[in-house]
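User: I would like to learn how to read a ligand site and a surface patch, taking the general idea and then the case at hand.

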Amino acid sequence: MDYRRFFETAVTRLQEERRYRVFAHLERCVETFPQAVWHRDDGSTRDVTIWCSNDYLGMGQHPDVIAAMVETASRVGAGSGGTRNISGTSHAIVELESELADLHGKEAALVFTSGWISNLAAISTIADLLPDCVILSDASNHNSMIEGVKRSRAERKIFRHNDLAHLEELLIEAGARPKLIVFESLYSMNGNIAPVAEIAALAERYGAMTYIDEVHAVGMYGARGGGICEREGVMHRIDVIEGTLAKGFGTLGGYVAGDRVVIDAIRSYAASFIFTTALPPAVAAAATAAVRLLKARSDLRAAHQRASHITKHALAAAGLPVLENGSHIVPVMVRDAELCKAASDMLLERHDIYIQPINYPTVARGSERLRITPTPRHTPEHIVALVESVADVWHTLGIPFVEPPQHLHIDAESRERCTYPEIKLAAQ
Ligand SMILES: Cc1ncc(COP(=O)(O)O)c(C=O)c1O
């Protein structure tokens, strides 16, 4: 049997459908982030600016975070030595879990090897432990949540994205059965934010449990970085809060926080927690440093929002099709898979700017985009270069501009924050 043929056919299919992923070969630089070195196929290198990192606050490059990682690795070694059952729980993970429980105002937290695994493990375990449970899942939920839902044996119903009326309909339909509402606080491809207080109210009215993914919000929203639920004052009304340590907190790993008994049940039953090696203590210590630091650094959160607002408004003012939303994510719509890839390639080749194309299946066909994620380390000069470069690529490839340019709504608070004089804001 020619086994290779099956794999070749599978890969060719992706190439034909323009869904084949090509990874940029990059090396980030601590001192100069968001600058990075791009290693080209011919062996040469070029300095580029990264505009699509999920290290949203640059915590992966922060000296305190790096110092915690180096110090811990030098003291206790590089790995964790096995599953927690075999090797015990490292002191660094105990500290991290206590920091995370405190961040979300919950009794306990449990750390996993990634945010993806935490969703898979926690959603499936919770749903399986609730007899005759029905899961109500937002239509735009991330793949890791969908996998968690699928892995459970519970019945599942999908409610239209952020549609409270549809969710209520399904809650009523489910009657007295145990119900688990599974949703995100901030949807990372559109950047829109869920009505968390209203969903919590529906859950209370119909007796449902709530599970929220705050992966794209932790560290960045709320007075201490507890996410959208903290900002909206509803952390105590959500049963389980899930987050990642890999984006706002700049390292690696995922977690859930909630009541002690719920977390203990997940710890005790979730196979994808039990049978895998724990995070290295050095990674846990670095994450703890980032969480602690961000609890006290509202100035970094403000700088992040400022960079994002200025970028959004500068792009929109130049007639580029920015998708408006209330978050730090800046989607610029291309609406064509090939043009999207070509735009990304041209930004890199011609302008030394790295922005990965977002194509199907990450987003629906016809809604392909560049997803830009400004950080506090992007300067006004970076932003000016970005706008000029993206406009040049749009002209060269014939991608439609918005005529007349959009005037995005800027609320008073955001306007206040947009203080860089170098950028002319659309709404001024
Ligand atoms: C909404 C959401 N949840 C979970 C994850 C997985 O998190 P991690 O990257 O830590 O595995 C992602 C990853 O991008 C995500 O977008």
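User: Which of the 13 residues around the ligand come nearest?

Analyst: A residue is near a molecule if one of its heavy atoms lies within 4 Å of it. Here Gly 115, Asp 213, His 216, Thr 244 and Lys 247 come nearest. This is a predicted model, in which local features need pLDDT of at least 70 and side-chain atom pairs count only at pLDDT 80 or more, while totals for chains, interfaces and linings use all residues. Residues are numbered from 1 along each chain as its sequence is written, and side-chain values use heavy atoms, with hydrogens and water left out.

User: What lies 2.8 Å from a backbone N or O atom of Gly 115?

Analyst: A polar contact is a pair of N or O atoms within 3.5 Å. For Gly 115 the partner is an oxygen atom of the ligand; a side-chain N or O atom of Thr 244 is 2.6 Å from a ligand oxygen, and one of Lys 247 is 2.8 Å from a ligand oxygen. The protein buries 84% of the 390 Å² that the ligand exposes when taken alone, with areas from the Shrake-Rupley method and a 1.4 Å probe.

User: How do the residues of the shell around the ligand divide?

Analyst: With Gly counted as polar and Asp, Glu, Lys and Arg as charged, the shell holds three nonpolar, seven polar and three charged residues.

User: Is Phe 7 buried or exposed?

Analyst: Buried means under 20% relative accessible area, exposed over 50%, and partly exposed in between. Phe 7 has 59%, so it is exposed.

Notes: A polar contact is a pair of N or O atoms within 3.5 Å; within protein, one must be able to donate a hydrogen and the other to accept it, and residues adjacent in sequence count only if both atoms are side-chain atoms. Buried means under 20% relative accessible area, exposed over 50%, partly exposed in between (1.4 Å probe, protein chains only).
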